[in-house]
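Visitor: I am new to this structure and would like to learn how to read it. Could you show it to me and take me through a few of its features?

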Amino acid sequence: MCGIVGYTGKDDAVSVLTSGLKRLEYRGYDSSGIAVNNENKITMVKASGEINNLVEKLGEKTIVGCAGIGHTRWATHGAPTDINAHPHLSNSGRFAIVHNGIIENYIELKEELAGKGFNFESETDTEVVVHLLEYYYEGDVRKALMKTVSRLEGSYALGVVCSEFPKSVFAAKLGSPLIIGVGVGENFFASDVTALISKTKNIIYIEDGEFAEITPDEIDVFDCTGKSVKKSVSRVVWDIEAAEKGGYEHFMLKEIMEQPKALKSTIEPNIKDNKIHFEGLEPLGEKIKDINKIIITACGSAYHAGYVGKFVIEELCRISVEVDLASELRYRNPIIDEKTLVVVISQSGETADTIAAMKECKERGATVLSVVNVVGSTIAKLSDYVIYTWAGPEIAVATSKGYTTQLAVMNMLALWLGDHLNKIEETEYNELIEAIRSIPERAQRSLDLNAQMADFVKNYSHYDSVFYIGRNIDYAICMEGSLKLKEISYVHSEAYAAGELKHGTIALVDENSLVVAPCCQESLFDKMMSNIKEVKARGANVLAVALENNHKIYEEADNVISIPETHPMFVSVAEIIPLQLFSYYIAKEKGCNIDKPKNLAKSVTVE
Ligand code: AGP
């Protein structure tokens with residue numbers, strides 16, 4: 001969703017801002033704009049559609065200036081038009097602002113400001129902010145900004161320029177992502193590290209309720225009373241190459257292929273002396289004996305990873321695990337108390353629904369453990385405990401390595417919990433830890449299928465309805481396989497617990513249906529064979545995913561994707577990879593915009 005970037009230094013602000021915005025494209029957007037401060041005058045250019053439209057418009061003008069702000073907008077309040085695009089300018093032209101988040105009380109504020117004579121141009125919630133700034137301004141931008149945000153309800157990451165301070169850019173954060181990049185003779189802010197990685201690896205993470213005034217040589221972070229806050233500078237561990245395509249046609253394929261490496265980085269540091277050891281989780285290891293229920297909450301693919309987590313944790317720990325969509329959990333009255341462990345899963349660490357669900361759980365006394373990919377993200381900061389997935393930056397909107405590293409953590413967490421609850425015998429533990437260690441290698445072997453997948457999918461690209469059916473972990477994999485297909489190829493698909501089909505949905509199955517059937521749980525194989533027979537009897541074409549030594553599956557399935565022999569409990573990673581590739585090549589066959597599917601945003605920072 002919306003991305004913001006700010007710059008002040010010695011270079012041409014237009015080119016720094018536009019290249020930063022291009023790196024934020026992956027977040028999802030439908031218009032963009034920049035405002036540059038030059039010799040006490042702000043020049044603003046905005047364009048709907050792709051950033052190239054903005055670049056074209058900019059090419060028609062000469063904009064000189066070394067400080068400015070930029071924005072990619074994902075429309076919420078008002079259509080994606082040039083006028084609704086950010087930045088927004090105050091009536092006097094003194095201030096320009098960019099905003100990520102939602103101002104919930106904008107209607108009242110708009111009425112109030114209109115009553116005071118302010119003229120509104122756009123349909124956005126954001127425009128009230130720039131007029132409030134103007135209203136409160138008495139020569140001190142910091143004071144005006146503090147007064148302005150005290151009137152706002154909702155969430156924001158704000159970037160501000162004021163014509164009277166041509167070297168300064170200002171920022172404020174509450175509930176939406178914002179980081180500061182520290183350079184030499186130049187400084188930056190942005191929604192995330194990807195926008196800045198080509199310029200600096202030195203980052204200051206600012207907290208909710210904090211503000212910043214940034215000049216080329218100074219960064220002053222201050223609180224709502226105006227008092228400076230001491231901040232430390234962190235170093236980003238990944239390189240620019242991680243945020244580039246590196247010869248692949250799409251980020252998604254690159255990220256699919258990076259999975260063995262990402263899995264290794266996520267698994268290896270957490271194994272010491274043949275035991276799972278999560279740094280910083282020792283107090284939770286003690287506390288876990290008092291926990292009587294685990295709730296896993298997340299959205300989208302992260303929720304699907306949580307579903308796999310439920311199966312493995314319940315199996316190994318014999319503790320009840322509920323999996324809740326974060327967007328649902330926050331609007332019911334969940335039974336959560338100090339004896340509940342809430343596991344929050346999020347690649348970005350910024351998903352608004354997940355953050356809200358997590359806050360709800362904390363208020364009810366739960367202990368919160370998060371599984372997050374982005375260091376310093378809101379979810380990581382708000383949790384009692386964090387386990388990082390070390391997938392590196394994920395640019396494609398459809399997650400692949402972000403998801404499989406979450407699966408790896410779910411598997412390790414199950415083992416860690418089972419060990420702390422004394423539920424696992426030593427021999428079994430040793431066998432399971434070996435199985436976890438082998439996940440990256442098994443992932444690599446599943447990826448070997450890539451060579452034939454482009455041709456293979458040609459048999460399937462004509463289907464416009466696909467059912468994914470499975471049981472237990474295989475069912476959780478169906479949910480993710482189905483989501484992957486629909487989000488990037490726009491083919492309608494549904495995931496069903498295989499035994500549930502006959503309770504209604506089988507009415508839709510006929511000779512025009514493709515049924516994808518992962519069957520990697522040996523103990524449930526016969527049941528799956530019956531379900532496959534049922535759909536075949538209705539004329540469906542069945543594509544199974546099975547372990548390589550399973551020959552029986554060929555008796556019923558029309559076609560089989562074989563994956564390497566793996567411990568059934570930890571098969572999820574090897575099992576989803578061919579389905580990621582399947583979706584990728586179907587989408588490619590259909591000519592879809594794979595990295596940036598329509599209507600979707602990478603990081604869903606609004607409700
Ligand atoms: C999956 O491909 C999607 N990008 C989406 O479902 C995503 O997993 C979901 O929005 C949650 O995001 P998060 O992991 O960043 O919280």
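Guide: We shall look at the ligand and its surroundings, and then at two places in the backbone. Please keep in mind throughout that this is a predicted model.

Visitor: Where does the ligand sit, and which residues come nearest to it?

Guide: The ligand sits in the second largest pocket, and of the 14 residues around it, those that come nearest are Ser 346, Gln 347, Ser 348, Thr 351 and Glu 487.

Visitor: Which atoms of Gln 347, Ser 348 and Thr 351 lie by the oxygen atoms of the ligand?

Guide: For a polar contact one looks for a pair of N or O atoms within 3.5 Å. With Gln 347 the atom is a backbone N or O, 2.6 Å from an oxygen atom of the ligand, whereas Ser 348 offers a side-chain N or O atom at 2.7 Å from a ligand oxygen, and Thr 351 has a side-chain N or O atom at 2.5 Å from a ligand oxygen. Taken alone the ligand exposes 410 Å², of which the protein buries 90%.

Visitor: Which parts of the chain form the shell around the ligand, and why does the ligand lie between two domains?

Guide: Helix H9 (300-317) and helix H17 (473-489) are the elements that give two or more residues to this shell, whose residues divide into 5 nonpolar, 7 polar and 2 charged. Because domain 2 (247-437) and domain 3 (446-593) both contribute residues to the shell, the ligand lies between them.

Visitor: What should I look for in the backbone?

Guide: Most peptide bonds are trans, and most residues other than glycine have a negative phi. Here a cis peptide bond, with omega about 5°, joins His 86 and Pro 87, and Pro 87 lies in the loop between strand E4 (67-73) and strand E5 (88-89). Asn 274 has a positive phi, near 60°, and is found in the loop between strand E15 (271-272) and strand E16 (275-276).

Definitions and conventions
Residues numbered from 1 in each chain as written. Predicted model: local features only at pLDDT ≥ 70, side-chain atom pairs only at ≥ 80, totals over all residues. Heavy atoms only, no water. Near = heavy atom within 4 Å. Polar contact = N/O pair within 3.5 Å; in protein donor to acceptor, adjacent residues only side chain to side chain. Areas by Shrake-Rupley, 256 points an atom, 1.4 Å probe, with all protein chains shown as cover. 1 Å grid on protein atoms, 1.4 Å probe; cavity = no way out; pocket = protein on both sides within 12 Å on 5 of 7 lines; lining within 4 Å. Sits in = over half its atoms within 2 Å of the grid points. Helix = DSSP H or I, 4+ residues; strand = E, 2+ residues; numbered from the N terminus. Nonpolar A, V, L, I, M, F, W, Y, C, P; charged D, E, K, R; others polar. Domains from an automatic or database assignment.
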